[in-house]
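Please look at the sequence and the structure below before reading on. The report that follows begins with one helix and then turns to the rings, the cysteines and the loops.

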Amino acid sequence: MRHPRRGGRCLGPFATGERTLAHRLLHHLKAGMLLLADRGFPSFTLWEKAAATGADLLWRVSDSFRLPVVEVLPDGTCLSRLREQRTKRTIDVRVIEYTITRTDEHGSQTTELFCLITTLLDPQTAPAAELAELYARRWTSETIYRHIKIEQRGGRTATLRSNSPAMVEQELWAMLCVYQATRQLTTDTGHEHHLPPGHISFKNALNAARRTVGADFPPSPPGRQDP
């Protein structure tokens, strides 16, 4: 789950699931925030608790999620209800469905259906196209993880070096600090040369920073180049 506010974090043992950790982050939410989450998170209990904070929610749901159509709205989205099986309580949600077609390097196309549920029930104040575009930006976090795990760590699959929970957290924060510093470097360089920072390769910037400080880190692995 991507948390919308700095400082919100929760770590736990490998055996602790993401939903369990997500419950521990809810106290950071408040009105005026919009919380995005992938399809591994939705459940009646977690949705109810998250919505009770006053924050708005926009979560993807899996194909197996039951969403009966209560009312079709003018923009093609619909109102539905989440149902708690034991108590039969319900919560109103708005359902947004759309498909994305991707073309690979060989020209083959694949189509994927996305189904989102949200607390933003009014299509006038929260257009479906804007919410779909916003959800797509959630994948930025996945790109960040790839940069850290592949480029920054050199593609190594070994576990972290630290042997205690406190030191593991410190090591993770160190990785994030290096990532943030490299991103700041690309942003400053982009502004200096009037280029969009997103068009500057993270891999190349990281390698340039390593050469500058004389660090003896493993080079980034070969493969697909950043744009």
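## Helix α5 and its surroundings

The buried residues of helix α5 are E171, M175, Y179, T182, T186 and G190. Buried means a relative accessible area under 20%, exposed means over 50%, and partly exposed lies in between (1.4 Å probe, protein chains only). This is a predicted model, in which local features need pLDDT of at least 70 and side-chain atom pairs count only at pLDDT 80 or more, while totals for chains, interfaces and linings use all residues. Residues are numbered from 1 along each chain as its sequence is written, and side-chain values use heavy atoms, with hydrogens and water left out.

An α-helix has 3.6 residues a turn, so residues three or four places apart point the same way. The buried residues of α5 pack against α4 (140-152) and α6 (202-213). Helices (H or I, at least four residues) and strands (E, at least two) are DSSP runs, numbered from the N terminus.

How far apart are the end C-alpha atoms of α5? They are 41 Å apart, which agrees with the 40 Å that the 28 residues of α5 (residues 165-192) should span at 1.5 Å a residue. The expected span of a helix is 1.5 Å times one less than its number of residues.

## The whole protein

The protein has six helices and six strands. From the N terminus on, its elements run α-β-α-β-β-β-β-β-α-α-α-α. Of the 227 residues in the protein, 32% are buried. Contact means heavy atoms within 4.5 Å. Among contacts between residues at least 6 apart in sequence, 46% join residues at least 24 apart. The protein exposes about 14,700 Å², and carbon and sulfur atoms supply 54% of that area. Accessible areas come from the Shrake-Rupley method with a 1.4 Å probe; for residues, only the protein chains shown count as cover.

## Aromatic rings

A pair of aromatic rings is described by the distance of the centres and the angle of the planes. Rings of Phe, Tyr and Trp (its six-membered ring) pair if their centres lie within 6.5 Å; planes under 30 degrees apart count as stacked, over 60 as edge-to-face and the rest as tilted. By this rule the protein has four aromatic pairs. One of them joins F114 and Y135 in an edge-to-face arrangement, with 6.5 Å from centre to centre and 65 degrees between the planes. This pair links distant parts of the chain, since F114 is in strand β6 (residues 109-118) and Y135 is in helix α3 (residues 128-136), 21 residues apart. F114 is buried at a relative accessible area of 2%, and Y135 is buried at 1%.

Y179 and F202 have ring centres 5.1 Å apart and planes at 35 degrees, so this pair is tilted. Here too the pair links distant parts of the chain: Y179 belongs to helix α5 and F202 to helix α6, 23 residues apart. Y179 is buried, with a relative accessible area of 8%, and F202 is buried, with 1%.

Ring pairs also link Y98, F114 and Y135 into a cluster. The charged end of R60 sits over the ring of F114, 3.9 Å from its centre. A charge sits over a ring if NZ of Lys or CZ of Arg is within 6 Å of the ring centre and within 35 degrees of the ring normal.

## Cysteines

How many disulfides does the structure hold? It holds zero disulfides, a disulfide being a pair of cysteine sulfur atoms within 2.5 Å. The cysteine sulfur closest to that of C78 is in C115, at 7.9 Å, too far for a bond. C78 is buried, with a relative accessible area of 11%.

## Three loop residues

The table lists where three residues lie and how accessible they are.

| Residue | Loop | Relative accessible area |
|---|---|---|
| R39 | between β1 (34-37) and α2 (44-51) | 41%, partly exposed |
| K88 | between β4 (78-83) and β5 (90-103) | 45%, partly exposed |
| H194 | between α5 and α6 | 72%, exposed |

R39 and R60 are 21 residues apart in sequence and 4.6 Å apart in space, C-alpha to C-alpha. Leaving aside neighbours within four places in sequence, R39 is in contact with R60, V61, S62 and E112.

Most residues other than glycine have a negative phi. K88, a residue other than glycine, has a positive phi near 70 degrees. H194, which follows α5, has a positive phi near 60 degrees.
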